[in-house]
Amino acid sequence: KVADKVFTTMEKFAGYGFNKSHSAAYALVAYQCAWLKGNYPAEFMAATMTSEMSDSGRILTLVEECRRMKLELLPPDVNRSDWKFTLEDGKIRVGLGAVRNVGQGAVELILKVRREGSVFQDLFDLASRVPSGSLNRRVLESLAAAGACDALGAARARLHAGSALALEYAAAAQRDRASGQSSLFGEDDRGSGLAVAPPLPDVPQWTSREQGTHEKEVLGFYFSEHPLASLKAELER
């Protein structure tokens, strides 16, 4: 009877139990993480979010922790972001790798083109400079919805609606380059040899609720403003 009781206790413990060496290692890692979080909070949180980038549930938890710690988050940006979460003047810039539907291959090409040339001027510039086939409509729409194209001179709704048009322009421009032809309409104002880009679709701007919904879809969390933010005091009470 005693042997059975002892073995049953051992069996239960074996389901989730640490021996002393394992516990000691965990304690050391926990101490190191606590020290880094206390002394280098922005660096620690950026690294932690990068390591959890594929888990939107964990990212949401970490974003809330950043806000609790009064760490400012900057939106993803095709002209400034890396693949991972990075630091800018003590603020955390969301990485392009955190945007759903945007693969690492596409991000690496965007970064390569940006490093070798200059920042992207508009959506057509982005679509035409990144090699053909690397970007598709879903990628551009997701980048626009996440706010990663805000620096490209148009409202998110117009950028989102103009993704297909930008890809058509890019395909035509790349065909012209390959054949050595120039446009009948002359070069654009950057002197690139490409045709002047058409205007983006004239669509209504997204409301703050619509913008937040799109952010939630592609980032996994509301970046600009949570729809219940105005009720925060009441909810806490």
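A polar contact is a pair of N or O atoms within 3.5 Å, where within protein one atom must be able to donate a hydrogen and the other to accept it. The legends below describe close-up views of a predicted model.

**Figure 1. Contacts of Arg100 in the loop between strand 3 and helix 5.** The side chain of Arg100 makes a polar contact of 3.0 Å with the side chain of Ser56. A polar atom of the Arg100 side chain also lies 3.0 Å from the backbone oxygen of Glu217. Beyond four places in sequence, the residues in contact with Arg100 are Ser56, Ser142, Lys216, Glu217, Val218 and Gly220. Arg100 counts as partly exposed because its relative accessibility is 35%. Leu143 is 43 residues from Arg100 in sequence, while the two C-alpha atoms are 8.6 Å apart in space.

**Figure 2. Surroundings of Arg93 in strand 3 (residues 91-93).** Arg93 has a relative accessibility of 8% and therefore counts as buried. The side chains of Arg93 and Glu88 are joined by a polar contact of 2.9 Å. Leaving aside neighbours within four places in sequence, Arg93 is in contact with Leu74, Pro75, Asp77, Arg80, Ser81, Lys84, Phe85, Thr86 and Glu88.

**Figure 3. The largest nonpolar core, with 54 residues.** Met49, Phe85, Ile92, Leu123, Leu126 and Leu143 touch the most other members of this core. At least two core residues come from each of helix 3 (41-51), helix 4 (56-68), helix 5 (104-116), helix 6 (123-129), helix 7 (137-146), helix 8 (156-161), helix 9 (163-179) and helix 10 (208-219). Helix 7 supplies the largest share, 6 residues. Not counting residues up to four places away in sequence, Met49 touches Ile59, Leu62, Val63, Cys66, Leu73, Phe85 and Ile92.

**Figure 4. Buried and exposed residues of helix 5.** The 13 residues of helix 5 should span 18 Å at 1.5 Å a residue, and the end C-alpha atoms are 18 Å apart, which agrees. Ala106, Val107, Ile110, Leu111, Val113 and Arg114 are buried in this helix. Viewed down the axis of helix 5, the buried residues fall within an arc of 165°, so they line one face of the helix. An α-helix has 3.6 residues a turn, so residues three or four places apart point the same way. Arg115 and Glu116 are exposed on the other side of helix 5. Helix 6 and helix 7 are among the elements that cover the buried residues of helix 5.

**Figure 5. Packing of helix 9 against helix 6, helix 7 and helix 8.** Helix 9 has 17 residues and reaches 25 Å from its first C-alpha to its last, close to the 24 Å expected at 1.5 Å a residue. Its buried residues include Ser163, Ala166, Tyr169, Ala170, Ala173 and Gln174. These residues cover an arc of only 130° around the axis, which puts them on the same side of helix 9. Glu168 and Arg175 are exposed on the other side of the helix. The buried residues of helix 9 pack against helix 6, helix 7 and helix 8.

**Figure 6. Two of the 3 aromatic pairs in the structure.** Trp35 and Tyr40 form a tilted pair, at 5.9 Å centre to centre and with 55° between the planes. Trp35 counts as partly exposed because its relative accessibility is 42%. Tyr40, at 41% relative accessibility, likewise counts as partly exposed. Phe124 and Tyr169 form an edge-to-face pair, with 5.3 Å centre to centre and 80° between the planes. This pair links distant parts of the chain, with Phe124 in helix 6 and Tyr169 in helix 9, 45 residues apart. Phe124 has a relative accessibility of 4% and so counts as buried. Tyr169 counts as buried at 9% relative accessibility.

**Figure 7. Position of His214 in helix 10.** His214 has a relative accessible area of 19%. Because buried means under 20% relative accessible area, His214 is buried. Leaving aside neighbours within four places in sequence, His214 is in contact with Ala145 and Trp206.

Methods. Residues numbered from 1 in each chain as written. Predicted model: local features only at pLDDT ≥ 70, side-chain atom pairs only at ≥ 80, totals over all residues. Heavy atoms only, no water. Core = buried A, V, L, I, M, F, W, Y, C linked by side-chain atoms within 4.5 Å. Buried < 20%, exposed > 50% of the residue type's maximum accessible area, 1.4 Å probe, protein only. Helix = DSSP H or I, 4+ residues; strand = E, 2+ residues; numbered from the N terminus. Contact = heavy atoms within 4.5 Å. Expected span 1.5 Å × (residues − 1). Arc of directions from axis to C-beta. Phe/Tyr/Trp six-rings, centres within 6.5 Å; stacked < 30°, edge-to-face > 60°.
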